[in-house]
Amino acid sequence: MIVGYARTSSLAQVAGLEAQIRDLQAAGCERVFREQVSSVAQREQLEAAFDFVREGDQIVVSRLDRLARSVGDLLAIIARMDAKKVSLRVLSISGTQALDTGTSTGRLMLSVIGAVGQAEREAMLERQREGIAKAKREGRYKGRVPTARRQSVEIIKLKEASVRPSEIANKLGIGRASVYRVLGEQESVAA
C-alpha cells in the first residue's frame with residue numbers, strides 16, 4: 001500500500017498542506033496522513049502512519065523537510081521504516097527529481113541530502129547567533145522584555161493586599177512561577 005504523509009508547520013499554511021495532499025494523491029497514495037504542527041512538536045499523524053503501514057508498504061512525502069528535522073531524526077525514521085520493512089519515496093528532492101529508499105542509490109542519496117540539509121540549518125543558526133551577538137555589542141538588541149518583570153509593581157501591590165500568588169498569576173495573565181520569581185527578587189532586595 002502507498003501511504004502519504006503531509007505536514008505544514010502552522011495552521012496558516014493551508015495552501016501548502018493542500019498542495020502536498022494533491023501531489024501525494026497524484027502519486028498514487030491510497031491514504032494520506034496530514035497534520036499542521038512544527039517538526040519539533042509531537043507528530044501524532046506521523047506516528048499514526050507508522051502504526052498503519054505494514055511490511056512492503058511505502059510512505060511517500062512531497063519533500064524531505066516535511067518528514068524529518070535533522071539527519072539524526074531522518075536516520076531514526078529510516079531505521080523505524082527498515083524495521084517494519086517499509087520504504088520511503090520523496091517526490092521532490094530538487095525540482096522534479098524523486099528519491100526512493102527501496103533502491104541502494106536512493107538510500108545513499110537520502111543520507112547525503114540529509115547531511116547537507118542539516119549543515120545548511122546549522123550554518124544559518126550560527127549566522128543568526130553571530131548577528132544577535134553583534135547587535136548586542138552595538139546596543140541594538142535587547143531581547144524580549146520579560147512579561148512578569150514589567151508587572152512587578154502590580155504583583156507586589158496585589159501580594160501586599162493579601163492576594164494569593166495563583167490568583168495574581170490568573171489576574172495578570174502570567175505564570176505562577178513568574179509571580180514567585182518577582183516576589184523572591186523583591187524579598188532579596190529588601191533583605
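Here a colleague and a modeller talk through helix packing and a few backbone details of a predicted model.

Colleague: Which ground rules apply to this model?

Modeller: Residues are numbered from 1 along each chain as its sequence is written, and side-chain values use heavy atoms, leaving out hydrogens and water. The model is predicted, with totals for chains, interfaces and linings using all residues, while side-chain atom pairs count only at pLDDT 80 or more and local features need pLDDT of at least 70.

Colleague: Thanks! At what angle do the axes of helix 2 and helix 3 cross?

Modeller: Helices here are DSSP runs of H or I with at least four residues, strands are runs of E with at least two, and both are numbered from the N terminus. Axes are lines fitted to C-alpha atoms, for helices over the stretch in contact, and angles run from 0 to 180 degrees between N-to-C directions. For helix 2 (residues 44-52) and helix 3 (residues 71-84), the axes come within 10 Å and cross at roughly 20°.

Colleague: And which residues of the two helices make the contact?

Modeller: Contact means heavy atoms within 4.5 Å. On helix 2 the contact is made by L46, E47, F50 and D51, and on helix 3 by I77, R80, M81 and K84.

Colleague: Is helix 6 parallel or oblique to helix 7?

Modeller: Helix 6 and helix 7 pack at an angle of about 140°, with axes 10 Å apart. Angles under 35 degrees count as roughly parallel, over 145 as roughly antiparallel, 65 to 115 as roughly perpendicular and the rest as oblique. That angle therefore makes helix 6, relative to helix 7, oblique.

Colleague: Why do the buried residues of helix 7 lie on the same side?

Modeller: Buried means under 20% relative accessible area, exposed over 50% and partly exposed in between, with a 1.4 Å probe and protein chains only. In helix 7 (residues 165-172), P165, I168, A169 and L172 are buried. They share a side because the arc they cover around the axis, taken from the directions from the helix axis to the C-beta atoms, is only 100°.

Colleague: Is S162, in the loop between helix 6 and helix 7, buried or exposed?

Modeller: Most residues other than glycine have a negative phi. S162 is not a glycine, yet its phi is positive, about 65°. With a relative accessible area of 65%, S162 is exposed.

Colleague: Where is K85 found?

Modeller: K85 also has a positive phi, about 60°, although it is not a glycine. At 52% relative accessibility, K85 counts as exposed. Its place is the loop between helix 3 and strand 4 (87-94).
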